[in-house]
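Thanks for making the time, everyone. I would like to walk through one model this morning, and please keep the sequence and the viewer open while I talk.

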Amino acid sequence: MENRKNFFHLHLISDSTGETLISAGRAAAAQFNSSVAIEHVYPLIRNKRQLASVLETIDREPGIVLYTVVDRELADMLESCCREMALPTVNVLEPVMAIFQTYLGAPSRRRVGAQHALTAEYFARIEALNFTMDHDDGQLPGDYDEADVVLVGISRTSKTPTSIYLANRGIKTANVPIVCDVPLPESLLNATRPLVVGLIATSDRISQVRGNRELGTTNGFDQRDYTDRASIAEELKYARLLCVRHNWPLIDVTRRSIEETAAAIVALKMKQR
């Protein structure tokens, strides 16, 4: 029997970039397998005229309304209009801010886009991203001791996306491919500062991902060998032995999202301290 999906409109209104709302909305929507959200994202809504235009769209396509608007007058206007339309409306940050205010005993500044201020943390993230992009897939191997984390693993173990996710958190991350019978750079083996983590997955999973990858017409490339489970099992065995030999922790990414893998790496990094 065919599984039918129910579609609903999800309106995400923010006075900043909307990143917080998008993450919250998608995290909630993912819990409902039978329904699919049609997202409407409205960033940088900071005056009544802009909000009025948004409300017209919501009236035409009613649905759930989530918002992060710190201006009290705009928030009241949004809440009032949605009540008239009998639509559920949630200020995503308000419950969190209330907890902070109660615990800290001080009111919030209610400053729009405060999380995107050009702070030292912001510039650290940019530096981490630049470092990570420069050190993707074994590039610039001479300065691994400047990294916070180095990820090693055979092809298609999510090294690059995990590196970029970590860099977005301000963690300078390099990644190095493990290829059978190809020695790892001496600069990595001699590095003392970074946490080196091996990423692995099941041979079935890697074969599936590799089979979906377009590799062009590389000379001497054998697609069958690249996706063959027995060959992949040998690659994984070699990778495991390398990590055991150098006492590098291993993370199986088979059933982990990028976010879960990154969280596990951050936890290992905290233990390293």
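Let me start with helix H2, residues 48-60, which lies across E1, E2 and strand E3 (63-68) and runs at about 170 degrees to E1. Please keep in mind throughout that this is a predicted model, and that I am describing what was computed from it.

The strands under that helix belong to an open sheet of four strands, in the order E2-E1-E3-E4, with parallel pairing. Strand E2 (35-42) and strand E4 (89-91) stand at the edges, each with a single partner strand, so one side of each is left without a neighbour in the sheet. On average, and with direction ignored, neighbouring strands of this sheet are turned by 20 degrees against each other.

How is E1 joined to E2? Strand E1, residues 6-14, runs parallel to E2, and eight bridges join the two. If you want to follow the register in the viewer, Asn 6 has Ser 35 in E2 as its bridge partner, and His 11 stands opposite His 40 in E2. Between those two strands the chain crosses from E1 through helix H1 (residues 19-29) to E2, and this β-α-β crossover is right-handed.

While we are on E2, it is worth pausing at Ile 38, which is found in that strand. Is Ile 38 buried or partly exposed? With a relative accessible area of 35%, Ile 38 is partly exposed. Setting aside neighbours within four places in sequence, Ile 38 is in contact with Phe 7, Phe 8, His 9 and Leu 10. As for a residue further along the chain, Ile 38 and Gly 63 are 25 residues apart in sequence, and their C-alpha atoms are 9.3 Å apart in space.

Let me turn to charged pairs. Side chains of opposite charge can pair when their charged atoms come close, and with the cut-off of 4 Å between a side-chain nitrogen of Lys or Arg and a carboxyl oxygen of Asp or Glu, the count comes to eight salt bridges. I will discuss some of them.

One of them is between the side chains of Arg 72 and Asp 76, which meet at 3.3 Å, N to O. These two are four residues apart in helix H3 (residues 72-84), and are therefore separated by about one helical turn. Arg 72 is partly exposed, at 37% relative accessible area, and Asp 76 likewise counts as partly exposed, at 41%.

Another pair is Lys 172 with Glu 127, where the closest N and O atoms are 3.7 Å apart. Lys 172 lies in the loop between helix H6 (159-167) and strand E6 (173-177), and Glu 127 in helix H5 (residues 120-134), so the pair ties together parts that are 45 residues apart in sequence. Lys 172 counts as buried, at 17% relative accessibility, whereas Glu 127, at 47%, counts as partly exposed.

Then there is Glu 235 with Arg 210, whose side chains meet in a salt bridge at 3.0 Å, N to O. This pair links distant parts of the chain, with Glu 235 in helix H10 (residues 229-245) and Arg 210 in helix H8 (residues 203-211), 25 residues apart. Here Glu 235 is buried, with a relative accessible area of 17%, and Arg 210 counts as buried too, at 1%. I should add that salt bridges sharing partners join Arg 72, Asp 76 and Glu 94 into one network.

Finally, the annotation. The unreviewed UniProt entry carries a "binding site" annotation that covers Gly 153, Ile 154, Ser 155, Arg 156, Thr 157, Ser 158, Lys 159 and Thr 160, and since such annotations may be inferred rather than shown by experiment, I would treat this one with care.

Where does Ile 154 lie? Ile 154 sits in the loop between strand E5 (149-153) and H6, and is buried, with a relative accessible area of 1%. Leaving aside neighbours within four places in sequence, its contacts include Arg 210 and Glu 235, the two residues whose side chains form the salt bridge I described a moment ago; Lys 159, Ile 178 and Leu 199 are also among the residues in contact with Ile 154.

Thr 157 is found in the loop between E5 and H6 as well, and counts as buried at 0% relative accessibility. Beyond its neighbours within four places in sequence, Thr 157 is in contact with Leu 199, Ile 200, Ala 201, Ile 206 and Val 253.

How values were computed: Residues numbered from 1 in each chain as written. Predicted model: local features only at pLDDT ≥ 70, side-chain atom pairs only at ≥ 80, totals over all residues. Heavy atoms only, no water. Pairing = 2+ DSSP bridges. Axes fitted to C-alpha atoms, helices over the stretch in contact; angles between N-to-C directions. Contact = heavy atoms within 4.5 Å. Buried < 20%, exposed > 50% of the residue type's maximum accessible area, 1.4 Å probe, protein only. Right-handed = clockwise from strand over helix to strand, strands pointing away.
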